[in-house]
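Got your viewer open and a selection box ready? Let's walk through this model together, one stop at a time.

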Amino acid sequence: MSYYVPIVRHLYVHIPFCVRRCSYCDFSIAVRKRIPAAEYVQCVQREFQLVQSGRVDPAAALRGSTSTRGAPDALETLYLGGGTPSLLGTDALSALLGSLLDSASSSSIREAIEITLEANPEDVTPVAAREWRRAGVNRVSLGAQSFDDRVLQWMHRSHDAARITEAVRTLRAAGIDNVSLDLIFALPVELRRDWTRDLDAALALLPAHLSLYGLTVEERTPLARWISRGATSAPDDERYAADYLVAHEQLGAAGYHFYEVSNACRGDLRSRHNSAYWSGRDYVGLGPAAHSFDGRTRRWNVAQWEAYRRAIEVDGTAVESQETLTAEQQELERLYLALRTDEGLSLTAVRAPHAAPLQTWGTAGWVDVADGRVRCTPEGWLRLDALVRALTGPLATV
Ligand code: SF4
């Protein structure tokens, strides 16, 4: 029997550990004082070996796809996300990257791969940053979230604003210039968070990239409990829209370009890894809760660390379930992803009756239609879901 052996071009590794849970977070994490780093690395190495052997999805062999295993220049991006990957410790991280990059033996091949590490500011020390760089990391996404210490405490973050500035300087000194900052907006009004001031503080650090996320209330989080007992107010749509448009204005004036609904960069320093997701490319995910996609089928691992560890020990794989997209679902996903980015959507992908509202949306300032493509403006991105529904569902106005 021959097996489907994927060429891995985009690899995501989920590192689930955090020292505590932030007030708004419902991610699949394992809160630990002591990180089981060696055990975790062994699990991911074992899972990766099985993926490379092609035995994760024997059914796919029936589709007849085969490819060359371990092509040394196949990997284009590797993203270590979490959780808090920077908690893993430098030895474990070096061992992990060493095995994942095994086939990319020459330093020039490694350097061409975008290798991103998500880090919390408090974990960035001169020694850690140097070791990360030595292991191949060339991009760091820092969970900054705010430059207001009061707000950071409310979020249950472990760092203060000064630590963010220090972390960026430390990363640069270690040779990691490609730094992205995450910020959260649309916070409850009673926090009196000064969003403009936070954006200014972020821009003063000249990051290569910024990711901006509106606060959402997820079930079973401290934030949801605070709201249900009236201790804090729920985020509202007006604040979300106002903060979002301010960010476009301020970042635009500073020379940043929103290339995706939540992401802006200087020059061409966009996230190549996330851009692969948004352009519908294949990717492989390793670790608890990680997802993989082969263009048609999406499969995902069990979410809990302990369940993942046991499954890998027994079978070498921890796939919990999978879904295969119908042609219609693939079309809908392509359309949605295209409108999320500055690439926009080809007008040829819009079926004739659905094209009718485009002119009205253009007049309203929600889309630009040019060069045979339709692209969302910031106002359009605020209505993205509604626009996609109108372009795909029953004919109706937004
Ligand atoms: S550091 Fe990130 S993953 Fe961990 S609890 Fe906070 S928001 Fe969630």
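## A tour by selection

Begin with the second largest pocket, whose lining residues divide into 6 nonpolar, 6 polar and 5 charged. Keep in mind as you go that this is a predicted model.

**Stop 1: the pocket.** Select W278, S279, G280, R334 and L337: of the 17 residues that line the second largest pocket, these lie nearest its centre. Two elements give two or more residues to this lining, α11 (272–278) and α13 (327–340). Colour α13 on its own, since this helix gives the most to the lining, with 5 residues. If you like to draw pockets as a surface, expect a volume of about 320 Å³ here.

**Stop 2: the ligand shell.** Now show the ligand and its surroundings. Select C18, R20, R21, C22, Y24, C25, F27, I29, G83, T84, N120 and R157, the residues around the ligand. Colouring this shell by class gives 6 nonpolar, 3 polar and 3 charged residues.

Stay with G83 from that shell for a moment. G83 sits in the loop between β4 (77–82) and α3 (90–100). Zoom in on the peptide bond that joins G82 and G83: this bond is cis, with omega at about 20°.

**Stop 3: the nine-stranded sheet.** Switch to a cartoon view and find the open sheet of 9 strands. Reading across, the order is β9-β10-β8-β7-β6-β5-β4-β1-β11, and the pairing is mixed. At the edges are β9 (257–260) and β11 (284–286), each of which pairs on one side only. From one strand to the next, the twist averages 25°.

For a parallel pair inside this sheet, pick β5 (residues 114–119) and β6 (residues 139–145), which are joined by 4 bridges. Label L117, then look across to V140, its bridge partner in β6.

Next, add two helices that pack on the sheet. Helix α1 (residues 37–53) touches β1 (10–15) and β11, and the direction of α1 makes about 150° with that of β11. Helix α8 (residues 195–204) touches β7 (178–185) and β8 (209–214), and the direction of α8 makes about 175° with that of β7.

**Stop 4: a backbone oddity.** Go to the loop between α6 (149–154) and α7 (161–173), where you will find H156. Check its backbone torsions: H156 is not a glycine, yet its phi is positive, about 65°.

**Stop 5: the three-stranded sheet.** Select β12, β13 and β14, which form an open sheet in that order with antiparallel pairing. The edge strands, each pairing on one side only, are β12 (291–293) and β14 (319–324). Here the twist averages 20° from one strand to the next.

Looking within this sheet, you can trace 3 bridges between β12 and β13 (residues 297–301). One residue pair to label is H291 and its bridge partner in β13, W300.

**Stop 6: a hairpin to finish.** Last, select β16 (residues 367–370) and β17 (residues 373–376), an antiparallel pair with 4 bridges. Opposite A370 stands R373 in β17. How many residues lie between the strands of this hairpin? There are 2 residues, and D371 takes a positive phi near 55° in this hairpin.

Methods. Residues numbered from 1 in each chain as written. Predicted model: local features only at pLDDT ≥ 70, side-chain atom pairs only at ≥ 80, totals over all residues. Heavy atoms only, no water. 1 Å grid on protein atoms, 1.4 Å probe; cavity = no way out; pocket = protein on both sides within 12 Å on 5 of 7 lines; lining within 4 Å. Points joined across faces, edges and corners; volume = space filled by probe spheres on them. Nonpolar A, V, L, I, M, F, W, Y, C, P; charged D, E, K, R; others polar. Pairing = 2+ DSSP bridges. Axes fitted to C-alpha atoms, helices over the stretch in contact; angles between N-to-C directions. Contact = heavy atoms within 4.5 Å. Near = heavy atom within 4 Å.
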